[in-house]
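Trainee: Can we walk through this one together, starting with the ligand and then the sheets?
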Amino acid sequence: MINKLIPVAEPDISTAEWKLVKECLDTGWISSIGKFVNRFENKFSRFCSVKYGIATSSGTTSLHLALTVLGIGRGDEVLVPSLTFIATANAVKYTGARPVFVDSDKISWNMDPEDALRKITRRTKAIIPVHLYGHPAEMNTLMAIARKKNLYLIEDACQAHGAEYKGEKTGSVGDISCFSFYGNKIITTGEGGMVVTNNKKLASRARLLRDQAMDPKRRYWHGEIGFNYRMTNLQAALGVGQLKRIGKIIKAKREIAHLYNKNLKGTPGITLPPELPWVKNVYWMYSILIEPALIKRDRMMSKLFKNGIDTRPFFYPVNRLPMYHRSHRCPVAEHLSEMGINLPSSTKLSKKEILFISKKIKDILERKE
Ligand SMILES: *Cc1c(COP(=O)(O)O)cnc(C)c1O
């Protein structure tokens with residue numbers, strides 16, 4: 001019997017981060033001025049193979065900022081996947097535009113390009129694919145659609161730092177891309193986010209609007225309405241420390257996934273997470289589908305919980321939530337949402353724990369638990 005709950009996620013912090021954060025505290029540079037903000041922006045954008053990075057207070061504010069600099073607002077429609085974290089849709093709503101929900105692809109669990117194409121109207125201005133649970137969306141097809149229909153493509157890469165699509169880093173393909181550094185993401189700054197882009201104009205507008213749109217050459221002159229979406233130096237110091245270890249963190253995530261795959265492969269009633277041959281999945285959350293004819297997902301979760309194993313259900317399809325309720329359905333997203341579980345995916349998991357979790361899942365399916 002394990003007496004401590006095995007968590008779904010936990011931050012992976014080392015002495016490198018501790019030293020950098022301490023430097024901020026010791027020198028008093030704890031707010032959003034200080035050397036670490038620029039350093040983090042430069043290092044993270046370089047990590048993504050993108051020219052410019054604008055650090056923000058969260059992934060949500062990075063999405064809102066990206067949509068704002070693209071000029072998206074009232075009267076516009078933006079395609080978002082139905083199966084995503086709520087922030088993707090909310091950010092669209094903050095601008096006054098309308099999120100239009102796109103169904104999922106059965107295999108990759110990401111935005112289905114064919115359904116995206118069907119949902120384009122003359123009001124559509126942008127597409128926001130989400131790289132769900134660390135698996136890149138079908139970028140070539142989506143980019144081709146965006147170019148053909150004259151739409152912007154915004155990558156919501158909040159769950160997929162360092163993932164790759166045909167050798168290209170997530171965040172480097174779209175017109176502008178957004179990351180989150182929330183405590184459970186691939187790397188963390190506590191709360192935090194970043195907009196990355198190769199477009200100099202978009203980058204400088206994002207930088208301006210992030211900081212109350214104050215004229216950089218004329219203090220307290222604001223030519224338009226901006227936001228305070230700044231990241232603090234403290235957060236950025238934590239981020240710089242995390243970035244030194246991002247390679248190791250991603251390697252650990254992939255090893256965890258491979259070990260789960262090895263142990264769960266061939267188990268009747270279980271679908272393993274996708275990794276299409278042309279992508280590198282970073283397995284932010286190691287996720288499986290449970291066949292409801294064998295056991296209901298929620299029952300599996302509560303049985304695992306009784307064994308000291310914490311899990312998460314997949315997101316509800318956003319178009320099923322009250323404020324986004326629509327008459328049209330996204331049947332694949334709904335199906336995935338009902339069957340999906342995120343298993344413990346912390347880099348601190350031991351091999352023994354992964355074997356234990358895999359065995360419990362099999363025992364539960366075979367009614368031994
Ligand atoms: C985490 C997340 C966000 C929002 O990030 P916050 O930093 O929590 O604001 C947006 N989109 C997706 C897909 C996410 O997973």
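The exchange below goes over the ligand site and then two sheets.

Mentor: Ground rules: this is a predicted model, with local features needing pLDDT of at least 70 and side-chain atom pairs counted only at pLDDT 80 or more, while totals for chains, interfaces and linings use all residues. Residues are numbered from 1 along each chain as its sequence is written, and side-chain values use heavy atoms, with hydrogens and water left out.

Trainee: How many residues surround the ligand?

Mentor: A residue is near if one of its heavy atoms lies within 4 Å of the molecule. The closest include Gly59, Gln159 and Lys185. The shell divides into five nonpolar, eight polar and two charged residues (Ala, Val, Leu, Ile, Met, Phe, Trp, Tyr, Cys and Pro count as nonpolar, Asp, Glu, Lys and Arg as charged, the others, Gly among them, as polar). The number surrounding the ligand is 15.

Trainee: How far is a polar side-chain atom of Thr60 from an oxygen atom of the ligand?

Mentor: A polar contact here is a pair of N or O atoms within 3.5 Å. Gln159 puts a polar side-chain atom 2.8 Å from a ligand oxygen, and for an N or O atom in the Ser180 side chain the distance is 2.7 Å. For Thr60 the value is 2.5 Å.

Trainee: What share of the ligand's exposed area does the protein bury?

Mentor: Areas come from the Shrake-Rupley method with a 1.4 Å probe. Taken alone, the ligand exposes 380 Å², and the buried share of that is 93%.

Trainee: Which element gives the most residues to the shell around the ligand?

Mentor: Helices are DSSP runs of H or I, at least four residues, and strands are E runs of at least two, numbered from the N terminus. Two elements give two or more residues to the shell: helix H4 (87–94) and helix H3 (59–69). The top contributor, with three residues, is H3.

Trainee: Which strands sit at the edges of the four-strand sheet?

Mentor: Strands pair if DSSP finds at least two bridges between them. This open, antiparallel sheet runs S10-S12-S14-S13, and Ile270 stands opposite Ile290 in S12. Pairing on one side only marks the edges, S10 (270–271) and S13 (312–313).

Trainee: And in the three-strand sheet, which residue stands opposite Tyr165?

Mentor: The order is S7-S6-S11, again open and antiparallel. Two bridges join S6 (residues 164–165) to S11. Opposite Tyr165, in S11, is Val279.

Note on methods. A polar contact is a pair of N or O atoms within 3.5 Å; within protein, one must be able to donate a hydrogen and the other to accept it, and residues adjacent in sequence count only if both atoms are side-chain atoms.
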